Amino acid sequence: MSRGIFWFRRDLRLADNPALSRAIQSHDDVLFVYIDEAEPGSHDASRAWLGKSLAALAADLERRGATLHVLGGDPKALLPRLAAACGADAVHVSSLYEPQRDARDAELAALLSRAGVTMRRAGGRLLTDADQVRSKSDAPYRVFTPFFKAALPTWNYRPRAAPERIAGAVLPAELAGAVTRIAAPKPRWDLGFWRQWTPGEASARERLRAFLDDLDAYPDERDHPGIDATSRLSPHLHFGEISPGHVFDAARARGGAGADKFIAELGWREFAYYVLRHWPDSLTGNFNPRFDTFPWQQDPVGLEAWKRGRTGVPLIDAGMRQLWHEGWMHNRVRMVVASWLTKHMGIHWKEGAAWFMHTLVDADIASNTLGWQWVAGTGVDAAPYFRVFNPVTQSRRFDPSGTYLRRWLPELAGLDDASIHAPWEARRAIPGYPDKPIVDLDSGRRGALERLERIARR
Ligand SMILES: Cc1cc2nc3c(=O)[nH]c(=O)nc-3n(C[C@H](O)[C@H](O)[C@H](O)COP(=O)(O)OP(=O)(O)OC[C@H]3O[C@@H](n4cnc5c(N)ncnc54)[C@H](O)[C@@H]3O)c2cc1C
């Protein structure tokens, strides 16, 4: 009789899960666990998602005859105890491709091996083998386009159906004290999220199916925040409720210009993990060291106004309120709010990145760090330093009739299409809304350029 442990992490699905398929094929029965190691209060929005995603996964497993056990504690202490108590000879996981977690996995593998237990890792979270995709000079790529050209031909996908019946093992009684649950945030600021989102594998597949019906409109409409034209698959992909291979394959099969553009966006997710693999320090420091002496501004009042959607600039405020109420923000608006914080306000990108990690349901250290450093100009393949998004121009261009602004800023709903993007220009007080931007658009831009030029000249 052989028993294995399957440790779910960010692969909360039954289909297309190579590590899970291997675990089920290798053993007579399998003990299914998720280990919660987070500090209470950390990454609140995505933890709220996690709680619901685990509930969906537990129900999917239950229907196939197995139970998911959610345990709390340090995996290095829990897993050897668990393996000894249930007589497992292997622990199966999907790789995370996060430098710190991968290093911890190596320690854990050594620890388990001393107890005669094998730790077996499999892929499934990414499509790109970061060590294989290298430039002609055998260096890792620093720019997205050549990376993507080299990576795309290597992407392949082997569909694996979800198992129909699963022989699940029972949690040993001595581990009962470790059973926990993912508590909902307090206060319940996540309640509005669930009007928009349903975590779990079935919902991820349904979202992909519905999105593919409208894929042809994606290239033209994806930048318009007032139109629901993007897939909104990011939290499902982050938690591994659907595999990137499945998404890629379905888009490729659908074909056309929409598919090409969409697959390139999946490429950015791959690039984010690629950068993290090759430059792990970019998680905590500027990718471009010239920025290490950059004169970031201290402005706690301004930072708070940005977080709360009270800057007086409609597109910024609409984006920040969407983030708070939905746990998600449209990509174009993410770029504009990040540019405003780091350039017009001069506040360190790390402050913005931390707020996003706390409030996004798709909070992902690789994509978030890449996005923030790209916009701030400190990162790999960074936007040129002189690109300072003008939030009013962006608003007029990508939300011309103010659909997005009116949805999130009811106090501006009565303004006409011409004045809603910059209400201060009409010099009319709007009850409940700031009279003017907290930073003047022109002087904010000039200040940013002066600071950035000093760095560029070095
Ligand atoms: C400042 C900033 C912070 C960001 N933080 C995150 C984050 O924490 N988590 C996250 O998943 N994405 C992040 N992004 C990337 C992007 O905004 C989201 O992935 C996208 O908005 C998700 O919406 P969607 O699923 O409808 O995207 P779609 O347009 O439908 O794209 C499909 C998928 O491709 C991937 N993708 C698309 N654009 C990007 C991108 N620029 N970088 C990396 N992957 C991308 C996502 O997995 C997405 O689900 C950030 C971008 C910026 C500018």
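In this predicted model, helix 2, spanning residues 44-63, lies across strands 1, 2 and 3, and it runs at about 145° to strand 3. Helix 1 (residues 18-26) also lies across strands: here they are strand 1, strand 2 (29-36), strand 4 and strand 5, with the helix running at about 160° to strand 4.

Now for the sheet itself. It is an open one, built from five strands in the order 3-2-1-4-5, and the pairing is parallel. Strand 3 (68-72) and strand 5 (118-122) sit at the edges with a single partner strand each, so one side of each has no neighbour in the sheet. On average, neighbouring strands are turned by 30° against each other, if direction is ignored. Further in, strand 1 (residues 3-8) and strand 4 (residues 90-94) run parallel and are joined by three bridges. Along this pair, F6 stands opposite H92 of strand 4.

Much later in the chain comes a helix pair. Helix 13 (residues 331-344) packs against helix 15 (residues 365-376) at an angle of about 55°, and the two axes are 9 Å apart. That angle is why helix 13 counts as oblique to helix 15. The crossing of the two is right-handed. On the helix 13 side, the contact involves R334, M335, A338, S339 and T342, which meet G371, W372, V375 and A376 in helix 15. Sorted by type, the residues of this contact come out as five nonpolar, three polar and one charged.

Key. Residues are numbered from 1 along each chain as its sequence is written. This is a predicted model: local features need pLDDT of at least 70, side-chain atom pairs count only at pLDDT 80 or more; totals for chains, interfaces and linings use all residues. Two strands pair if DSSP finds at least two bridges between them. Helices (H or I, at least four residues) and strands (E, at least two) are DSSP runs, numbered from the N terminus. Axes are lines fitted to C-alpha atoms, for helices over the stretch in contact, and angles run from 0 to 180 degrees between N-to-C directions. Two residues are in contact if their C-beta atoms, placed from the backbone, lie within 7 Å. Angles under 35 degrees count as roughly parallel, over 145 as roughly antiparallel, 65 to 115 as roughly perpendicular and the rest as oblique. A crossing is left-handed if the near helix is turned anticlockwise from the far one by less than a right angle, and right-handed if clockwise. Ala, Val, Leu, Ile, Met, Phe, Trp, Tyr, Cys and Pro count as nonpolar, Asp, Glu, Lys and Arg as charged, and the others, Gly among them, as polar.
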